Amino acid sequence: MDALAPSETIDVHGDTVDAKGEIVASIIHREGAERLATYGGDEFYAGHSALTVNAYGKGKAYFVGTPLDETGMSAFMAPIIRDLDLKSLDTPEDVSLSVRYGDDGTRYAFLINNSAADKRLCLSELNGGTELLAGTVINDLIELKPYGVDVIALR
């Protein structure tokens, strides 16, 4: 693994991805995984795998060796989202959304505002869920305070 300087990027090229990576460049030993993209440039990891996929059982495991720029990550994720027939949800800039599953089958949505500004969003998929920190039921509008977090239980 190579740590990149804060302003340094590394080219990542593949059939569906043409991107810039940043922060780190991990060298991946594929051991059966398929190469999806390689590092460019002239550093020691140039030509090594940057993105891989390994099929196992009924699933697939993807490895991303460097954080990709927004365009690159979108290009990388688009065929995965399409192949799995997933619905993509748009959030405002600086708001992240992840969904996790509890042992009892309850889905938990985690909304995080990563900015110093208030954020407002409407995601119909979250309507009817209970925001666990405030105890309120979601009905269209969600307001996140600066650096705020909502944890929403979805049934």
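**Sheet architecture, salt bridges and a surface patch**

I10 counts as buried, at 5% relative accessibility, where buried means under 20% relative accessible area, exposed over 50%, and partly exposed in between (1.4 Å probe, protein chains only). The structure is a predicted model, in which local features need pLDDT of at least 70 and side-chain atom pairs count only at pLDDT 80 or more, whereas totals for chains, interfaces and linings use all residues. Residues are numbered from 1 along each chain as its sequence is written, and side-chain values use heavy atoms, with hydrogens and water left out.

I10 lies in strand β2 (residues 9–14); helices (H or I, at least four residues) and strands (E, at least two) are DSSP runs, numbered from the N terminus. Apart from neighbours within four places in sequence, I10 is in contact with L4, A19, K20, G21, Y39, G40, Y45 and T66, contact being defined as heavy atoms within 4.5 Å. One of these partners, T66, is 56 residues from I10 along the chain, and the C-alpha atoms of the two are separated by 8.6 Å.

Strand β2 belongs to an open sheet of 5 strands, with the order β3-β2-β5-β6-β7 and antiparallel pairing; two strands pair if DSSP finds at least two bridges between them. At the edges stand β3 (18–22) and β7 (59–64), each of which pairs on one side only. From one strand to the next, the twist averages 25 degrees. Axes are lines fitted to C-alpha atoms, for helices over the stretch in contact, and angles run from 0 to 180 degrees between N-to-C directions.

At the β3 edge, β2 and β3 run antiparallel and are joined by 5 bridges. The two strands form a hairpin with 3 residues between them, and the bridge partner of I10 in β3 is G21. In a regular strand the side chains alternate between the two faces of the sheet. In β3, A19 and G21 make up the covered face, while D18, K20 and E22 make up the uncovered one.

Further along the sheet, β5 and β6 pair in the antiparallel sense over 4 bridges, with S49 in β6 as the bridge partner of T38. Strand β6 (residues 49–56) also pairs with β7, again in the antiparallel sense, over 6 bridges. Within this pairing, V53 has Y62 of β7 as its bridge partner. Helix α1 (residues 70–83) packs on the sheet, where it touches β3, β5 (34–39), β6 and β7, and the direction of α1 makes about 175 degrees with that of β7. The hairpin of β6 and β7 has 2 residues between the strands, and G57 there takes a positive phi near 60 degrees. T52, also found in β6, is buried, with a relative accessible area of 4%. Leaving aside neighbours within four places in sequence, the contacts of T52 are I28, R30, A33, E34, R35, L36, A61, Y62 and F63.

Side chains of opposite charge can pair when their charged atoms come close. A search of the whole structure yields 2 salt bridges, a salt bridge being a side-chain nitrogen of Lys or Arg within 4 Å of a carboxyl oxygen of Asp or Glu. One is formed by the side chains of D11 and K20, at 2.4 Å from N to O. D11 is partly exposed, with a relative accessible area of 25%, and K20 likewise counts as partly exposed, at 38% relative accessibility.

The side chains of E125 and K87 also meet in a salt bridge, with an N to O distance of 2.4 Å. This pair links distant parts of the chain, 38 residues apart: E125 is in the loop between β10 (119–122) and β11 (130–131), and K87 is in the loop between α1 and β8 (95–101). E125 is partly exposed, at a relative accessible area of 30%, whereas K87 counts as exposed, at 62% relative accessibility.

On the surface, I112, L133 and V149 form a nonpolar patch with about 250 Å² of accessible area together. Patches are made of residues with over 30% relative accessible area and no salt bridge, like charges being joined within 9 Å and nonpolar side chains (Val, Leu, Ile, Met, Phe, Trp, Tyr) within 5 Å. Accessible areas come from the Shrake-Rupley method with a 1.4 Å probe, and for residues only the protein chains shown count as cover. V149, placed in strand β14 (residues 149–154), counts as partly exposed, at 40% relative accessibility.
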